[in-house]
Amino acid sequence: MKVKRNTLLLLACLVWSVAGFNILRIGLMAYYDYRTVLNYLLSVLVFAVFQKFIFGKLVKKHTARISAYGDERQFFLKFFDRKAFIIMAVMITGGIVLRTGELVPERFIAVFYTGLGASLLLAGLLFGRNFGKAVFSAAKTQKNINNKGE
């Protein structure tokens, strides 16, 4: 179950994009009764904090780690390290507990989930961009190798 190294970036793109889309969807569905300028600004703040301090760094870290793998083919789950999988499991579990246990008001779900989901979705899209760059770079390198051989 090994895939090309660059495919790991595509897998990270898909996982984070799906997670981000779903969380964003939950937040937006709860937002209807809470549409105020203050709530919009709070969602943007949540987005910015998560993007700057967590997911933006996560994308860079995992892209660099994947790019540094020596072997071209890697086990398909190596798109994240153990710590990232634990973080994801804690986030999913925490989100389910918050919503189903009704531990926070719906306004919190609307504001926080919208910002968090948008940040997660952007992280997924950034992994997709990095996948595209890696594929383009690999094709360019292969073309240069082929041209030198002619």
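A helix, as the word is used here, is a DSSP run of at least four residues, and helices are numbered from the N terminus. The model on screen is predicted.

**Stop 1: helix H2**

Select residues 37-68, which make up helix H2, and find Phe53 among them. H2 has 32 residues. From the first C-alpha to the last it reaches 44 Å, close to the 46 Å expected at 1.5 Å a residue. Now centre the view on Gln51, where H2 bends by about 55°.

Is Phe53 buried or exposed? Its relative accessible area is 52%, and the cut-off for exposed is over 50%, so Phe53 counts as exposed.

**Stop 2: a nonpolar patch**

Keep Phe53 selected and add Leu38, Leu42, Leu45, Val49 and Ile54. Together these residues form a nonpolar patch on the surface, and their accessible area is about 530 Å². An α-helix has 3.6 residues a turn, so residues three or four places apart point the same way.

**Stop 3: Arg107**

Next, select Arg107, which belongs to helix H4 (residues 106-149). Which residues does Arg107 touch, leaving aside those up to four places away in sequence? They are Tyr34, Leu38, Asn39 and Leu42. Leu38 and Leu42 also appear in the patch from the previous stop. Measure from the C-alpha of Arg107 to that of Tyr34: the separation is 6.3 Å, although the two residues are 73 residues apart along the chain. Arg107 has 36% relative accessibility, so it counts as partly exposed.

**Stop 4: Arg5 and Glu72**

How many salt bridges does the structure hold? There are two. Side chains of opposite charge can pair when their charged atoms come close.

For one of them, select Arg5 and Glu72, whose closest N and O atoms are 3.3 Å apart. This pair links distant parts of the chain: Arg5 is in helix H1, while Glu72 is in the loop between H2 and strand S2 (73-75), 67 residues away. H1 covers residues 5-30. Arg5 is buried at 18%, whereas Glu72, at 37%, is partly exposed. Show the surroundings of Arg5 as well: beyond its neighbours up to four places away in sequence, Arg5 touches Ile66, Ser67, Tyr69, Gly70, Asp71 and Glu72.

**Stop 5: Asp81 and Lys61**

Finally, select Asp81 and Lys61, whose side chains meet in a salt bridge of 3.4 Å, N to O. Asp81 sits in the loop between S2 and helix H3 (82-100) and Lys61 in helix H2, so the pair ties together parts that are 20 residues apart in sequence. Asp81 is partly exposed, with a relative accessible area of 21%. Lys61 is partly exposed too, at 41%.

Note on methods. Residues numbered from 1 in each chain as written. Predicted model: local features only at pLDDT ≥ 70, side-chain atom pairs only at ≥ 80, totals over all residues. Heavy atoms only, no water. Helix = DSSP H or I, 4+ residues; strand = E, 2+ residues; numbered from the N terminus. Buried < 20%, exposed > 50% of the residue type's maximum accessible area, 1.4 Å probe, protein only. Contact = heavy atoms within 4.5 Å. Patch = residues over 30% accessible without salt bridge, like charges linked within 9 Å, V, L, I, M, F, W, Y side chains within 5 Å. Areas by Shrake-Rupley, 256 points an atom, 1.4 Å probe, with all protein chains shown as cover. Salt bridge = Lys/Arg side-chain N within 4 Å of Asp/Glu carboxyl O. Expected span 1.5 Å × (residues − 1). Bend = angle between axes of the 7 residues up to and from the residue.
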